[in-house]
Amino acid sequence: MDAPEFRGCAFINASAEFPLENNPVHRVSTEFYDKFRAYMAGLAGLCGAEDPHGLALQLGLLVEGAIVSEQMKRGSGAAAAAKRAAAVLIDAALPR
């Protein structure tokens, strides 16, 4: 997100350009983020998270929000804020 040529996420941008859920471009974008969340849920499960899918959804929202925020306003600090929020969520989700 720090790179000068950063233009956001191609999947988020594509789904905005093709907003109808039955559009093939939109479906591919949705599938990407479904797989991304499933990957994070798998990692969270391996770490012993009580609700791995819930944690993955929360973390995915942080990632996607940071991407869009930084795309809209460069240097917004969204990635750093998302990282701090993610640490809180992960700490709360893992067993003591």
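This passage describes the fold, helices, cores and selected residues of a predicted protein model.

The model is predicted, so local features require pLDDT of at least 70 and side-chain atom pairs count only at pLDDT 80 or more, while totals for chains, interfaces and linings use all residues. Residues are numbered from 1 along each chain as its sequence is written, and side-chain values use heavy atoms, with hydrogens and water left out.

The protein chain contains four helices and zero strands. Helices (H or I, at least four residues) and strands (E, at least two) are DSSP runs, numbered from the N terminus. The order of elements from the N terminus is α-α-α-α. The C-alpha trace spans about 45 × 35 × 15 Å along its principal axes. Of the 96 residues, 26% count as buried. Buried means under 20% relative accessible area, exposed over 50%, and partly exposed in between (1.4 Å probe, protein chains only). The exposed surface of the protein chain amounts to about 6500 Å². Carbon and sulfur atoms supply 63% of that area. Accessible areas come from the Shrake-Rupley method with a 1.4 Å probe; for residues, only the protein chains shown count as cover. Contact means heavy atoms within 4.5 Å. Among contacts with a separation of 6 or more, 55% join residues 24 or more positions apart.

Helix α2 covers residues 24-46. The expected span of a helix is 1.5 Å times one less than its number of residues. For the 23 residues of α2 this gives 33 Å, and the end C-alpha atoms are 33 Å apart, which agrees. At the start of α2, a side-chain oxygen of Asn-23 comes within 2.8 Å of the backbone nitrogen of Val-25. Gly-48 follows α2 and has a positive phi, near 90°. The buried residues of α2 are His-26, Ser-29, Tyr-33, Arg-37, Met-40, Ala-41 and Ala-44. Their cover includes α1 (10-17) and α3 (52-72).

Helix α3 has 21 residues. Its expected span is 30 Å, and its end C-alpha atoms are 30 Å apart, which agrees. Its buried residues are Pro-52, Leu-55, Ala-56, Leu-59, Gly-60, Glu-64, Ala-66, Ile-67 and Glu-70. These cover an arc of only 160° around the axis, which puts them on the same side of α3. The arc is that of the directions from the helix axis to the C-beta atoms. The buried residues of α3 pack against α1, α2 and α4. On the face turned away from the buried side, α3 carries the exposed residues Leu-61 and Met-72.

The largest nonpolar core has nine residues: Met-40, Ala-41, Ala-44, Ala-49, Leu-55, Ala-56, Leu-59, Ala-86 and Ala-93. A nonpolar core is a set of buried Ala, Val, Leu, Ile, Met, Phe, Trp, Tyr and Cys residues joined through side-chain atoms within 4.5 Å. Helices α2, α3 and α4 (78-93) are the elements that give two or more residues to this largest core. A second, separate core has five residues, including Phe-6, Cys-9, Tyr-33 and Ile-67.

Individual residues fill in the packing. The contacts below leave out residues up to four places away in sequence. Ala-86 touches Leu-59 and Leu-62. Gly-60 lies in helix α3. At 0% relative accessibility, Gly-60 counts as buried. Gly-60 is in contact with Phe-36, Arg-37 and Met-40. The C-alpha atoms of Gly-60 and Phe-36, 24 residues apart along the chain, are separated by 7.8 Å.

Two acidic residues of α3 are also buried: Glu-64 at 17% relative accessibility and Glu-70 with a relative accessible area of 7%. Glu-64 touches Ile-12, Tyr-33 and Arg-37. Glu-70 touches Met-1, Phe-6, Gly-75, Ser-76, Gly-77 and Ala-78.

Ala-14 lies in helix α1. Its relative accessible area is 19%, so Ala-14 is buried. Ala-14 touches Val-25 and Ser-29. The C-alpha atoms of Ala-14 and Met-72 are separated by 16 Å, with their positions 58 residues apart along the chain.

Methods
Polar contact = N/O pair within 3.5 Å; in protein donor to acceptor, adjacent residues only side chain to side chain.
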